[in-house]
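Welcome! Let's take a walk through this protein together, starting with one pair of strands and working outward from there.

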Amino acid sequence: SNDGITVRAGKNVITGHENNELTWVTTHDVGSGIGVDTIGQGDSAKVWNPGEVLDIDFAQAANKVTITLADIGSNNFGDGIDYKVYLESDPSNPVVLEFELPSYVADGLATFTIDVADLAPGDGIVGVDLYSIKNGSLDPSSFLLNNVVAEYPGTTTNVDCVEDQFEYVLT
């Protein structure tokens with residue numbers, strides 16, 4: 001947790017496996033970030049086994065969330081990242097969406113923004129689950145979570161929004 005943004009290893013959406021932990025993965029040319037290590041599986045520490053989940057929660061409802069993914073190489077171009085957006089008004093019924101990775105990214109980083117105005121104007125985003133599975137026309141992709149930025153509604157007329165940025169710090 002940092003700046004009101006919490007990232008956890010979630011329950012695998014395919015197998016239901018819950019014995020996971022977060023791990024930092026450093027790459028030399030395609031961006032570094034948080035991955036999921038499935039305990040006892042000997043798998044890659046990237047979010048790769050289809051269905052592994054990064055669960056992102058916000059201390060207060062955000063009106064916009066920008067997510068930067070790392071480790072996006074040419075083997076991932078055109079693949080899909082699935083995500084569930086949890087809204088403040090009905091957190092038990094998430095909106096399920098998919099982001100198609102672009103055909104080229106600089107330095108292995110791909111960024112996308114979720115704006116509550118596009119989903120449910122006047123509501124707020126309280127959580128996002130990131131994962132990748134084969135559904136529809138897009139293949140699953142491996143990825144790492146490089147950064148999360150959340151914008152919150154302002155509390156005064158002089159401030160449009162307050163911005164929190166997640167930063168993973170190794171100690």
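**A strand in the middle of things**

Strands β4 and β9 run antiparallel to each other, paired over five bridges. To find this pairing in the model, which is a predicted one, look for Leu54, whose bridge partner in β9 is Leu130. Strand β4 has another partner too: β1 and β4 are paired in the antiparallel sense over six bridges. Here you can look for Ile5, whose bridge partner in β4 is Phe58.

Is β4 enclosed or open to the outside? Seven of its ten residues are buried, so β4 is largely enclosed by the rest of the structure.

Now step back to take in the whole chain. The protein has one helix and eleven strands. Following the sequence, you meet eight strands, then the helix, then three strands to finish: β-β-β-β-β-β-β-β-α-β-β-β. Of the 171 residues, 46% are buried. Contacts often reach far along the chain: among those between residues at least 6 apart in sequence, 68% join residues at least 24 apart. As for the outside, the accessible surface comes to about 8,500 Å², and 45% of that belongs to carbon and sulfur atoms.

Let's go inside next. The largest nonpolar core contains 33 residues, and Phe58, Ile67 and Leu130 are those with the most contacts inside it. The elements that give two or more residues to this core include β1, β4 and β9, along with β5 (64-70) and β10. Phe58 and Leu130 are already familiar, as the bridge partners of Ile5 and Leu54.

What does Ile67 touch, leaving aside its neighbours within four places in sequence? Its contacts include Ile56, Phe112, Val128, Leu130 and Leu145. Another residue to look for is Val148, which is found in strand β10 (residues 144-153). The C-alpha atoms of Val148 and Ile67 are separated by 4.7 Å, although these residues are 81 apart along the chain. Val148 has 0% relative accessibility, so it counts as buried.

Finally, a word on confidence. The mean pLDDT of the protein is 85, with 87% of the residues reaching 70 or more. Which elements have the lowest and the highest mean pLDDT? Strand β11 (residues 161-166) has the lowest, at 54, while β9 has the highest, at 96. Over residues 155-161 the pLDDT is below 50, and beyond near neighbours in sequence this stretch has seven contacts in the model.

Conventions:
Residues numbered from 1 in each chain as written. Predicted model: local features only at pLDDT ≥ 70, side-chain atom pairs only at ≥ 80, totals over all residues. Heavy atoms only, no water. Helix = DSSP H or I, 4+ residues; strand = E, 2+ residues; numbered from the N terminus. Buried < 20%, exposed > 50% of the residue type's maximum accessible area, 1.4 Å probe, protein only. Contact = heavy atoms within 4.5 Å. Areas by Shrake-Rupley, 256 points an atom, 1.4 Å probe, with all protein chains shown as cover. Core = buried A, V, L, I, M, F, W, Y, C linked by side-chain atoms within 4.5 Å. pLDDT = per-residue confidence, 0-100. Pairing = 2+ DSSP bridges.
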